[in-house]
There are 2 protein chains.
Amino acid sequence: MSQQRNGQAAGVSDGGVFPDLPEATVARLPEYLRALHHLAETGFETVSSEGLAAAAGVNSAKLRKDLSHLGSYGTRGVGYDVALLIAQIEHVLGLTQRRAVALVGVGNLGHALAGYGGFSTRGFRIAALFDADPDRIGERINGLVVKDIARLPEVVAAEAISIALIATPAHAAQLVADQLVAAGVTSILNFAPCVLSVPDGVDVRKVDLAIELQILSFHEHRKSALTTLPAPAGNGRMKIRPTLNGEALAT
Amino acid sequence: MSQQRNGQAAGVSDGGVFPDLPEATVARLPEYLRALHHLAETGFETVSSEGLAAAAGVNSAKLRKDLSHLGSYGTRGVGYDVALLIAQIEHVLGLTQRRAVALVGVGNLGHALAGYGGFSTRGFRIAALFDADPDRIGERINGLVVKDIARLPEVVAAEAISIALIATPAHAAQLVADQLVAAGVTSILNFAPCVLSVPDGVDVRKVDLAIELQILSFHEHRKSALTTLPAPAGNGRMKIRPTLNGEALAT
DNA sequence: GTGAGTTTGTGCAAACGTTCACAAACGCCT
DNA sequence: AGGCGTTTGTGAACGTTTGCACAAACTCAC
């Protein structure tokens, strides 16, 4: 472990910073957290690395190494205390207080995001909705009124918002990102299919649905070329017969 | 390159399979493709690795290595032919014909996905919508009628669907996945916050919006702990004063 | 044709991530 | 108290990914 850890006697006490958590580990912690919550609801009080790994869809060695980075409190011969581990991970992820997020762009996708229940159950609160379209400003969605994007600085400050979602068309995303950064937002989740440029110190993550499908398409493409080859044994070479649409077909 | 490539004289002719394309490269190809389409629309006929890398948000050495894996046709001293590279990448990703996808679960998020224009412009066609809720079956969304999930096998076969999106609640997702696999679907994009177990040969990718936010939250947490520390010089040790909510504050 | 300038493709080394495999630590039973 | 079965935490090996740096290959101007 990267720094000494010695008990958390009365509540969470150390406020530790984890400067060198591997990024790959950070990306998996939320998945562990989800699995742990599910286990807790199902009545588990402890869980082995094997069991938690299965619930999170990873292998157990990786899970143990990940948890060891946060100096976790597993007990050899027993496993991990579910409640304690939940508290640990939530602390590391900064989920001890519910974070306010802003959503910019209430079109097709933005509308759905505004109504998505998964945010509120997992540590976040959609605190404000913005759009540039005058026809949409004033609309009420899920108890929130869509505000003019011009009011961004004011609202971001008032609600202590540090995270924002961009769900605008691609051509508007960079402008919105600039406005968000100017207003003080330091983390952006971008749903628009474009690259954002932001100053150092601002984090951007991207969700592009078409990209996910295209990656799947690659594997489909590869599978359809390979499944027509019944015996993977032999000399490992196969003849390829080109077809009309450019797909491969083993002969 | 992994296998010899020698021209594509009259149209796409080789139907090549790319058995050992690194997964990290595959995940970036769609981003290059998007950037290339944007460049093509802007009138570019060629582009340097530097220029394309900037448009895709990566560094140029990585881009060149990625493209070299597909035996690409850049010209030294000039760059890459935009149209040719688009054709190459689309071929590798299996986007030469438009793929039909099914969407299961037309709730809040599913509704938005059904109406998302980005799929059709980037190689996919939403061919069918399914739900288990009788109140939703028969509803018309974007020109498609929501069908009973019981009709999955029939429709998957008729429309030659190999990719499906799951946008159901988490508790229904595994059952839906089983039904999809039984119907012949071999790639799944899962929006439900849970782990799916599927047989070998079926690919699953996951999009979990709360996880993305939690990763951002970690970095926010880390930033807020560090920005209160003005001078990173010195002995590298800092005193931590615990506060009420368990956050750290440098003294 | 030749030289200057540009840009690709790649060998190599370092950084990063994963997996194995096992000693140390624990609970439990007698 | 001691031995046994279980499970964690981690050193070490391995594989993957990144980034540098440069030779080879190309265009263009003259």
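Two residues are in contact here if their C-beta atoms, placed from the backbone, lie within 7 Å. On that basis, chain A and chain B each put 66 residues into their contact. The model is predicted. This briefing covers the chain contact, the surface near DNA strand C and one helix of chain B.

**Contact between chains A and B**
- Helix 8 of chain B (residues 209-226) gives the largest share of the chain B side, 17 residues.
- That side of chain B has 33 nonpolar, 21 polar and 12 charged residues.

**Surface near DNA strand C**
- DNA strand C is surrounded by 27 residues.
- The closest are Arg76(A) and Gly77(A), together with Ser49(B), Gly74(B) and Gly77(B).
- From chain A, helix 1 (23-41) and helix 3 (60-69) each give two or more residues to this surface.
- From chain B, helix 2 (49-56), helix 3 (60-69) and strand 3 (79-81) do so.
- Helix 3 of chain B supplies the largest share, 5 residues.
- By class, the surface has 9 nonpolar, 10 polar and 8 charged residues.

**Helix 7 of chain B**
- Helix 7 (residues 170-183) has 14 residues.
- From first C-alpha to last, helix 7 reaches 20 Å, close to the 20 Å expected at 1.5 Å a residue.
- Ala173(B), Val176(B), Ala177(B) and Leu180(B) are buried in this helix.
- An α-helix has 3.6 residues a turn, so residues three or four places apart point the same way.
- The buried residues of helix 7 pack against helix 6 (152-159) and against strand 4 (99-104), strand 8 (163-166) and strand 9 (187-190), all of chain B.
- Gly184(B) follows helix 7, with a positive phi near 110 degrees.

Technical notes
Residues are numbered from 1 along each chain as its sequence is written. Chains are lettered from A and ligands numbered from 1 in the order in which they are written. This is a predicted model: local features need pLDDT of at least 70, side-chain atom pairs count only at pLDDT 80 or more; totals for chains, interfaces and linings use all residues. A residue is near a molecule or strand if its C-beta atom, placed from the backbone, lies within 6 Å of it. Helices (H or I, at least four residues) and strands (E, at least two) are DSSP runs, numbered from the N terminus. Ala, Val, Leu, Ile, Met, Phe, Trp, Tyr, Cys and Pro count as nonpolar, Asp, Glu, Lys and Arg as charged, and the others, Gly among them, as polar. The expected span of a helix is 1.5 Å times one less than its number of residues. A residue is buried if 20 or more other C-beta atoms lie within 10 Å of its own, exposed if 12 or fewer, and partly exposed in between; C-beta atoms are placed from the backbone.
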